Amino acid sequence: MESAHIEQLKRDWFKRFDQILEREKSIPSSNLKCLELCQARCCPRAGMRHMQSRDIASPIVVLLPFEMEYIIEKTGVSTELFRIWSIPLDSETTIEVGMLDLGKPCPFLKENLQCGIHDHNPLDCRTFPLLPTLNHRDELEWELGENCPSLSFLNPQFAEKMKHVWLDLVPVLPRAWWDLYAFADHWTGWPVVSERVDAA
Ligand code: SF4
Ligand code: SF4
């Protein structure tokens, strides 16, 4: 019963991810100057450990429920490449949420600092430098990744459309996920590097 419930939830989320990707085709470009201005400082990797915090735009990526499984299905990457955190999805169901951080550098970052799975990368990556948060009244609010060097170029139309994508997720995202997202962003306790220096 439990696994049938999880399978159904997974199918629902996979459908949701397909719909989000389809919807994003009509979202205007973010206009970020990633290639010109940045060394992918929002993509977690081992080399970041030696950087000053002001030079790191986002040291962690938190995936949505079942997004890790979705990416695995689409790209064939191993589960072992993700850090996994368990959260309650509802009163009966605990799920494993995937994360990428300095302890498990992003396996998709290529040597040329491009995203190797651009077509299926996490929504958290595609939304940055916008950072969604849920306030105590369960309303969606936004923070900005202040260390993103192309923040000033961010297209307001892109921001507006992406906010609507997240607004539609609020009813299906449990509070535990928002708590993890908020907690992870301030997390500094990454384990010692055991991975390659070059995560490409
Ligand atoms: S979103 Fe910002 S921090 Fe990330 S690669 Fe682009 S310019 Fe750099
Ligand atoms: S999935 Fe792509 S955009 Fe996201 S952290 Fe990895 S390389 Fe960067």
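Let's start with Trp166, which is buried at a relative accessible area of 0%. Keep in mind that this is a predicted model. What is Trp166 paired with? Its partner is Trp177: the two rings sit 6.0 Å apart, centre to centre, with 35° between their planes, and that makes the aromatic pair a tilted one. Trp166 belongs to helix H5 (residues 156-169) while Trp177 belongs to helix H6 (residues 175-185), so their contact ties together parts that lie 11 residues apart in sequence.

Trp177 is worth a second look. Like its partner, Trp177 is tucked away, with 0% relative accessibility, and so counts as buried. Trp177 also forms an aromatic pair with Trp178, this one edge-to-face, with 5.0 Å between the centres and 85° between the planes. Trp178 comes in at 3% relative accessibility; under 20% is what buried means here, so Trp178 counts as buried too.

Now follow the rest of H6. Which residues of H6 are buried? Trp177 and Trp178 are joined by Leu180, Tyr181 and Ala184. If you look down the axis of H6, these buried residues fall within an arc of 160°, so they line one face of the helix.

Back to the rings. The structure holds 9 aromatic pairs, and the tilted pair of Trp166 and Trp177 is an aromatic pair we've already met. Elsewhere in the sequence, ring pairs link Trp13, Phe14, Phe17 and Tyr70 into a cluster. Trp13 has another kind of contact as well: the charged end of Arg16 sits over its ring, 4.5 Å from the centre. Where does Lys33 lie? You'll find Lys33 over the face of Phe153, with 5.4 Å to the ring centre.

Last stop: Ile60. This residue is in strand S1, which covers residues 60-62. Is Ile60 buried or exposed? Its relative accessible area is 4%, so Ile60 is buried. Try picking out Lys104 along with Ile60: the two are 44 residues apart in sequence, yet their C-alpha atoms are 9.5 Å apart in space.

Definitions and conventions. Residues are numbered from 1 along each chain as its sequence is written. Chains are lettered from A and ligands numbered from 1 in the order in which they are written. This is a predicted model: local features need pLDDT of at least 70, side-chain atom pairs count only at pLDDT 80 or more; totals for chains, interfaces and linings use all residues. Side-chain values use heavy atoms; hydrogens and water are left out. Rings of Phe, Tyr and Trp (its six-membered ring) pair if their centres lie within 6.5 Å; planes under 30 degrees apart count as stacked, over 60 as edge-to-face and the rest as tilted. Helices (H or I, at least four residues) and strands (E, at least two) are DSSP runs, numbered from the N terminus. Buried means under 20% relative accessible area, exposed over 50%, partly exposed in between (1.4 Å probe, protein chains only). A charge sits over a ring if NZ of Lys or CZ of Arg is within 6 Å of the ring centre and within 35 degrees of the ring normal. The arc is that of the directions from the helix axis to the C-beta atoms.
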